[in-house]
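Please open the model in your viewer and keep the sequence panel visible. The tour proceeds by selection, with a short account of what is found at each stop.

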Amino acid sequence: RSEVSPMLEFVNCRHLNVEQLRIEGASAWTMRLLSCVGVVVDGISIKNPVTGPNTDGMDITNSSDVRIANCSIDTGDDAICLKSENPYGGSIPSLRNVTVTNCTLTTCCNGFKFGTSTKGGCENIVFSNSTIHNSAESKLGERVISGICLEMVDGGWLENVVITGICMQRTRTPIFLRLGARTPPSGTGKSYMRGVMISDVYATESVLTNSITGL
(Lines give C-alpha, C1' and ligand atoms only; values in the text may rest on other atoms or scores of the structure.)
Protein backbone atom coordinates (compact mmCIF):
# COMPACT_ATOMS: atom_id res chain seq x y z
CA ARG A 1 0.00 0.00 0.00
CA SER A 2 1.05 3.58 -0.51
CA GLU A 3 1.43 5.84 2.47
CA VAL A 4 -1.82 7.69 1.77
CA SER A 5 -4.12 4.64 1.54
CA PRO A 6 -6.85 5.89 -0.80
CA MET A 7 -10.44 5.07 0.14
CA LEU A 8 -11.02 3.82 -3.43
CA GLU A 9 -8.14 2.73 -5.64
CA PHE A 10 -8.29 1.25 -9.13
CA VAL A 11 -5.00 -0.19 -10.45
CA ASN A 12 -4.31 -1.48 -13.97
CA CYS A 13 -8.00 -1.39 -14.91
CA ARG A 14 -9.34 -1.34 -18.47
CA HIS A 15 -12.71 0.05 -19.61
CA LEU A 16 -13.76 1.19 -16.15
CA ASN A 17 -16.90 3.20 -15.41
CA VAL A 18 -17.36 4.89 -12.02
CA GLU A 19 -20.72 6.64 -11.96
CA GLN A 20 -23.34 8.20 -9.67
CA LEU A 21 -21.63 7.75 -6.29
CA ARG A 22 -21.51 9.94 -3.19
CA ILE A 23 -18.34 9.50 -1.14
CA GLU A 24 -17.92 11.13 2.27
CA GLY A 25 -15.40 11.46 5.06
CA ALA A 26 -12.23 10.01 3.52
CA SER A 27 -9.35 9.85 6.00
CA ALA A 28 -6.79 10.39 3.21
CA TRP A 29 -7.01 10.38 -0.60
CA THR A 30 -10.57 9.69 -1.72
CA MET A 31 -10.10 8.02 -5.12
CA ARG A 32 -7.03 7.16 -7.17
CA LEU A 33 -6.82 5.82 -10.72
CA LEU A 34 -3.39 4.25 -11.21
CA SER A 35 -2.20 2.96 -14.60
CA CYS A 36 -5.75 2.63 -15.93
CA VAL A 37 -6.89 2.88 -19.56
CA GLY A 38 -10.31 3.83 -20.86
CA VAL A 39 -11.99 5.30 -17.77
CA VAL A 40 -15.23 7.26 -17.38
CA VAL A 41 -15.91 9.01 -14.05
CA ASP A 42 -19.33 10.66 -14.18
CA GLY A 43 -21.65 12.15 -11.60
CA ILE A 44 -19.44 11.58 -8.55
CA SER A 45 -20.00 13.67 -5.41
CA ILE A 46 -17.19 13.88 -2.83
CA LYS A 47 -17.55 15.58 0.56
CA ASN A 48 -14.65 15.57 3.02
CA PRO A 49 -13.93 17.78 6.03
CA VAL A 50 -12.15 21.01 5.10
CA THR A 51 -9.64 20.31 7.89
CA GLY A 52 -8.80 16.78 6.67
CA PRO A 53 -5.10 16.42 5.70
CA ASN A 54 -4.33 14.62 2.41
CA THR A 55 -8.00 14.22 1.54
CA ASP A 56 -7.49 14.69 -2.21
CA GLY A 57 -10.70 14.27 -4.19
CA MET A 58 -9.41 12.46 -7.30
CA ASP A 59 -5.82 11.55 -8.14
CA ILE A 60 -5.27 10.47 -11.74
CA THR A 61 -1.87 8.80 -12.07
CA ASN A 62 -0.17 7.27 -15.14
CA SER A 63 -3.53 6.68 -16.78
CA SER A 64 -4.78 7.33 -20.30
CA ASP A 65 -8.05 7.92 -22.13
CA VAL A 66 -9.82 9.23 -19.02
CA ARG A 67 -12.99 11.34 -18.96
CA ILE A 68 -14.17 13.02 -15.76
CA ALA A 69 -17.49 14.85 -16.01
CA ASN A 70 -20.34 16.25 -13.94
CA CYS A 71 -18.60 15.81 -10.59
CA SER A 72 -18.85 17.83 -7.38
CA ILE A 73 -15.82 17.80 -5.07
CA ASP A 74 -15.66 19.52 -1.67
CA THR A 75 -12.54 18.51 0.22
CA GLY A 76 -9.61 19.59 2.39
CA ASP A 77 -6.81 18.90 -0.10
CA ASP A 78 -6.37 19.05 -3.88
CA ALA A 79 -9.72 18.53 -5.59
CA ILE A 80 -8.45 16.94 -8.83
CA CYS A 81 -4.75 16.13 -9.03
CA LEU A 82 -2.87 14.64 -12.01
CA LYS A 83 0.41 12.83 -11.43
CA SER A 84 3.05 10.84 -13.31
CA GLU A 85 4.74 8.49 -10.86
CA ASN A 86 4.56 4.84 -9.83
CA PRO A 87 4.25 4.46 -6.06
CA TYR A 88 4.46 0.66 -6.37
CA GLY A 89 7.70 0.68 -8.35
CA GLY A 90 8.44 -0.15 -11.98
CA SER A 91 8.28 2.01 -15.08
CA ILE A 92 6.50 5.36 -15.19
CA PRO A 93 4.29 5.64 -18.28
CA SER A 94 2.94 9.00 -19.34
CA LEU A 95 -0.37 10.42 -18.21
CA ARG A 96 -2.22 11.19 -21.43
CA ASN A 97 -5.56 11.95 -23.03
CA VAL A 98 -7.46 13.18 -19.98
CA THR A 99 -10.59 15.35 -20.16
CA VAL A 100 -12.18 17.02 -17.13
CA THR A 101 -15.37 18.96 -17.75
CA ASN A 102 -18.49 20.35 -16.10
CA CYS A 103 -17.21 19.95 -12.54
CA THR A 104 -17.65 22.02 -9.38
CA LEU A 105 -14.61 22.18 -7.09
CA THR A 106 -14.11 23.64 -3.64
CA THR A 107 -11.20 23.02 -1.28
CA CYS A 108 -8.68 24.76 0.96
CA CYS A 109 -5.82 23.51 -1.23
CA ASN A 110 -5.71 23.51 -5.06
CA GLY A 111 -8.61 23.10 -7.45
CA PHE A 112 -7.20 21.54 -10.65
CA LYS A 113 -3.56 20.57 -10.17
CA PHE A 114 -0.66 18.85 -11.91
CA GLY A 115 1.92 17.42 -9.52
CA THR A 116 3.79 17.75 -7.52
CA SER A 117 4.77 14.11 -8.15
CA THR A 118 5.59 14.45 -11.86
CA LYS A 119 8.48 12.12 -12.67
CA GLY A 120 7.15 11.17 -16.11
CA GLY A 121 5.22 12.89 -18.86
CA CYS A 122 1.77 14.48 -18.99
CA GLU A 123 0.22 15.22 -22.39
CA ASN A 124 -3.08 15.94 -24.12
CA ILE A 125 -5.08 17.26 -21.16
CA VAL A 126 -8.27 19.35 -21.28
CA PHE A 127 -9.95 21.06 -18.31
CA SER A 128 -13.08 22.96 -19.27
CA ASN A 129 -16.46 24.45 -18.35
CA SER A 130 -16.07 24.18 -14.59
CA THR A 131 -16.30 26.28 -11.44
CA ILE A 132 -13.85 26.64 -8.55
CA HIS A 133 -15.10 28.52 -5.53
CA ASN A 134 -15.33 29.13 -1.81
CA SER A 135 -18.27 30.49 0.13
CA ALA A 136 -18.34 34.04 1.44
CA GLU A 137 -18.02 32.66 4.98
CA SER A 138 -14.75 30.85 4.25
CA LYS A 139 -11.77 32.11 6.23
CA LEU A 140 -8.63 32.95 4.28
CA GLY A 141 -6.89 29.73 5.40
CA GLU A 142 -9.83 27.67 4.15
CA ARG A 143 -9.91 29.13 0.65
CA VAL A 144 -8.63 27.53 -2.53
CA ILE A 145 -4.87 28.22 -2.70
CA SER A 146 -4.71 28.08 -6.52
CA GLY A 147 -7.62 27.47 -8.83
CA ILE A 148 -5.38 26.18 -11.63
CA CYS A 149 -2.02 24.84 -10.46
CA LEU A 150 0.57 23.36 -12.85
CA GLU A 151 3.76 22.21 -11.10
CA MET A 152 6.56 20.36 -12.87
CA VAL A 153 9.13 19.96 -10.11
CA ASP A 154 10.15 16.27 -10.15
CA GLY A 155 11.91 15.93 -13.49
CA GLY A 156 8.85 15.30 -15.66
CA TRP A 157 7.40 17.17 -18.61
CA LEU A 158 4.07 18.70 -19.52
CA GLU A 159 2.82 19.26 -23.07
CA ASN A 160 -0.44 19.97 -24.91
CA VAL A 161 -2.75 21.30 -22.21
CA VAL A 162 -5.94 23.30 -22.82
CA ILE A 163 -7.76 24.99 -19.95
CA THR A 164 -10.83 27.01 -20.88
CA GLY A 165 -14.19 28.18 -19.65
CA ILE A 166 -13.34 28.29 -15.93
CA CYS A 167 -15.16 30.49 -13.41
CA MET A 168 -13.51 31.13 -10.03
CA GLN A 169 -14.70 32.92 -6.92
CA ARG A 170 -12.68 33.75 -3.78
CA THR A 171 -9.59 31.70 -4.62
CA ARG A 172 -6.38 32.97 -3.06
CA THR A 173 -4.54 32.79 -6.43
CA PRO A 174 -6.35 32.02 -9.71
CA ILE A 175 -3.43 30.60 -11.73
CA PHE A 176 -0.09 29.20 -10.48
CA LEU A 177 2.48 27.73 -12.90
CA ARG A 178 5.86 26.49 -11.67
CA LEU A 179 8.77 24.72 -13.33
CA GLY A 180 11.17 23.62 -10.59
CA ALA A 181 13.94 21.17 -9.82
CA ARG A 182 13.06 19.42 -6.58
CA THR A 183 13.99 16.15 -8.33
CA PRO A 184 16.34 16.15 -11.36
CA PRO A 185 15.19 14.56 -14.66
CA SER A 186 15.93 10.86 -15.02
CA GLY A 187 18.54 9.85 -17.61
CA THR A 188 19.42 12.59 -20.06
CA GLY A 189 15.91 14.00 -20.34
CA LYS A 190 14.86 17.55 -19.58
CA SER A 191 11.99 18.80 -17.51
CA TYR A 192 9.76 21.30 -19.31
CA MET A 193 6.31 22.80 -19.72
CA ARG A 194 5.15 23.74 -23.21
CA GLY A 195 2.04 23.94 -25.34
CA VAL A 196 -0.16 25.21 -22.50
CA MET A 197 -3.18 27.32 -23.45
CA ILE A 198 -5.31 28.97 -20.75
CA SER A 199 -8.27 31.02 -21.96
CA ASP A 200 -11.66 32.30 -20.87
CA VAL A 201 -10.93 32.24 -17.15
CA TYR A 202 -13.01 34.58 -15.03
CA ALA A 203 -11.92 35.09 -11.42
CA THR A 204 -13.35 37.41 -8.78
CA GLU A 205 -12.44 38.26 -5.18
CA SER A 206 -8.95 36.77 -5.38
CA VAL A 207 -6.26 37.73 -2.88
CA LEU A 208 -3.04 37.46 -4.93
CA THR A 209 -2.09 37.85 -8.58
CA ASN A 210 -1.29 34.93 -10.85
CA SER A 211 2.21 33.43 -10.66
CA ILE A 212 4.33 32.00 -13.51
CA THR A 213 7.70 30.91 -12.16
CA GLY A 214 10.67 28.99 -13.57
CA LEU A 215 13.60 27.92 -11.43
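Begin by selecting Val207, a partly exposed residue with a relative accessible area of 44%; here buried means under 20% relative accessible area, exposed over 50%, and partly exposed in between (1.4 Å probe, protein chains only). The model is predicted, so local features need pLDDT of at least 70 and side-chain atom pairs count only at pLDDT 80 or more, whereas totals for chains, interfaces and linings use all residues. Residues are numbered from 1 along each chain as its sequence is written, and side-chain values use heavy atoms, with hydrogens and water left out.

**First stop: a nonpolar patch**

Val207 belongs to the loop between strand 18 (192-204) and strand 19 (211-214). Strands (E, at least two residues) are DSSP runs, numbered from the N terminus. Add Leu140 and Leu208 to the selection: together with Val207 they make a nonpolar surface patch of about 280 Å². Patches are made of residues with over 30% relative accessible area and no salt bridge, nonpolar side chains (Val, Leu, Ile, Met, Phe, Trp, Tyr) being joined within 5 Å. Accessible areas come from the Shrake-Rupley method with a 1.4 Å probe, and for residues only the protein chains shown count as cover.

**Second stop: Asp74 and Lys47**

Turn now to the charged side chains. The structure holds nine salt bridges, each defined as a side-chain nitrogen of Lys or Arg within 4 Å of a carboxyl oxygen of Asp or Glu. Select Asp74 and Lys47, whose side chains form one of them at 3.8 Å, N to O. This pair links distant parts of the chain, 27 residues apart: Asp74 is in strand 9 (residues 72-75) and Lys47 in strand 6 (residues 45-47). Asp74 is partly exposed at 25% relative accessible area, and Lys47 is likewise partly exposed at 35%.

**Third stop: the pairs of Lys113**

Next, select Lys113 and Asp78, which meet in a salt bridge of 3.3 Å, N to O. Because Lys113 lies in strand 13 (residues 110-118) and Asp78 in the loop between strand 9 and strand 10 (80-84), the pair ties together parts 35 residues apart in sequence. Lys113 counts as buried at 10% relative accessibility, and Asp78 is buried at 4%.

Which residue should be added next to Lys113? Select Glu151, whose side chain meets that of Lys113 in a salt bridge of 4.0 Å, N to O. Glu151 is in strand 15 (residues 146-152) and Lys113 in strand 13, so this pair ties together parts 38 residues apart in sequence. Glu151 is buried, with a relative accessible area of 11%. Finally, display Asp78, Lys113 and Glu151 together: salt bridges that share partners join them into one network.

Notes. Patches are made of residues with over 30% relative accessible area and no salt bridge: like charges are joined within 9 Å, nonpolar side chains (Val, Leu, Ile, Met, Phe, Trp, Tyr) within 5 Å. Helices (H or I, at least four residues) and strands (E, at least two) are DSSP runs, numbered from the N terminus.
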